[in-house]
Amino acid sequence: MLFDLPDHTTLYQALLDRDPTYDGHVYVCVSSTGVFCRLTCPARKPKAENCTFYGTVSECIESGYRACKRCHPLKPMASADPAIGALLVALDERPEYPWREADVEKMGLDPSTIRRSFKRQFGMTFLEMARQRRLREGFETIADGGKVIDAQLDAGFESASAFRAAFAKLVGRAPGRMDSDPILFADWITTTLGDMIAVTSRSELHLLEFFDRKALRTQLTRLDKFAKGRIGIGRTDISEQIKAELQAFFAGTSARFQTPLVQHGPEFTRTVWQELQTIPAGQTRSYSDIARAIGRPTATRAVARANGANQIALVIPCHRVIGADGSLTGYGGGLWRKQKLLEIERQYLPGKLETLS
């Protein structure tokens, strides 16, 4: 678990020392190269600010990193299951290829067995891993100012219509329909708990959500109306700021978010969101606690609805609200993710971390 890992400084020194103590237990993801490695990797050492440490390979992959070709962090899994090894090699050789179950069968492998094996080892199927890798390539091409056709090719889609459909399923609109002179910019952010989308203006964060949240399309539609259709793809100083703050959060160095926000909602809902931001990391509150804190002790259900309507995940910490009986209750990003977030935040309890920078 992330909260059991030593602090960033200790792990970075272990990386510099190529300390074998952590081999198989801790991995380093390097933002400047997009790869993840064992701490014993012989490659040139990255700067500390470019490193994020995770306890499992699946967290590295879900965060969008590729396995290092020098230290081969996937080798133990591949050795334990030759089928996994064969597919990982095939994916590295053809990352742009639109893999299908028929391709798995052609390799003499049983698709259902492969699905279970990849789910068990990585928390995702092989086809999900391959598709995520392709779409991210296309999204980032557009964010870097590339043309849609280049993004389509970088994502490995021979069919323009198939790329448009896959892209629209992800963000709610085909790439060609994104505004070329936007006032709001959508950007892709990878985290240990899955990929997120951030929508920012040049001065504020309007939305931060996991891609697999069911309400994401509805939230983007509302923002589209707010922006009068002027939503595009790109990076801003604000999206870079929230990326850095999220990286620090998951690395265990800071739970402080200072990115300026725009909160789209009625007055009562915004009041609830503001109260959520007063809950310290590592602590929780019940819906009734929040209702009493805002002076509306009988409005527990309304508080729950406002909590569920939050569209700036983590920064407005709706995951810190639980049932009066201590149960996790609902969370738009999934109860498994809520549990993980609360586990991660245990390291931020007083005495767990001396300073939050």
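This is a short talk on how one protein chain is packed, from its overall shape down to a single leucine.

Before anything else: the model is predicted. Please keep that in mind throughout.

Let's start with the whole chain. The protein chain has 15 helices and 10 strands. Its C-alpha trace spans about 60 × 50 × 40 Å along the principal axes. How does its radius of gyration fit a compact globule? For 357 residues, such a globule would come out near 21 Å; the chain has 21 Å, so the two agree.

Next, the inside and the outside. Of the 357 residues, 51% count as buried. The chain exposes about 17000 Å², and carbon and sulfur atoms supply 49% of that area. Now take contacts between residues at least 6 apart in sequence: 60% of them join residues at least 24 apart.

Charges, quickly. There are 48 positive side chains and 41 negative ones. The centres of these two sets lie 4 Å apart.

Now the core. Which residues touch the most other members of the largest nonpolar core? They are Phe 36, Leu 208, Ile 242, Leu 246, Phe 250 and Leu 276, out of 62 residues. Helix 4, residues 82-93, gives this core its largest share, six residues. Apart from it lies another core, of 24 residues. Its members include Ile 142, Trp 188, Ala 227 and Ile 233.

Stay with Leu 246 for a moment. Set aside its neighbours within four places in sequence. Leu 246 is then in contact with Ile 189, Met 196, Leu 208, Phe 257 and Leu 314. One of those, Leu 208, was also on the list of residues touching the most core members.

On to helix 15, residues 335-344. Its buried residues are Arg 337, Lys 338, Leu 341, Leu 342, Glu 343 and Ile 344. What do they pack against? Strand 7 (205-210), helix 11 (237-251) and strand 10 (321-322).

Look at the spacing of those buried positions. An α-helix has 3.6 residues a turn, so residues three or four places apart point the same way. Try that on Lys 338, Leu 341 and Leu 342, which are among the buried ones.

Last stop: Leu 335, in this same helix 15. Is Leu 335 buried or exposed? In between: its relative accessibility is 43%, and buried means under 20% while exposed means over 50%, so Leu 335 counts as partly exposed. Beyond its neighbours within four places, Leu 335 is in contact with Leu 328, Thr 329 and Gly 330. Finally, His 319 is 16 residues away along the chain, and the two C-alpha atoms are separated by 9.1 Å.

Note on methods: Residues numbered from 1 in each chain as written. Predicted model: local features only at pLDDT ≥ 70, side-chain atom pairs only at ≥ 80, totals over all residues. Heavy atoms only, no water. Core = buried A, V, L, I, M, F, W, Y, C linked by side-chain atoms within 4.5 Å. Buried < 20%, exposed > 50% of the residue type's maximum accessible area, 1.4 Å probe, protein only. Helix = DSSP H or I, 4+ residues; strand = E, 2+ residues; numbered from the N terminus. Contact = heavy atoms within 4.5 Å. Rg over C-alpha atoms; globule rule 2.2 N^0.38 Å. Areas by Shrake-Rupley, 256 points an atom, 1.4 Å probe, with all protein chains shown as cover. Lys, Arg positive; Asp, Glu negative; His and termini not counted. Charge placed at Lys NZ, Arg CZ, Asp CG, Glu CD.
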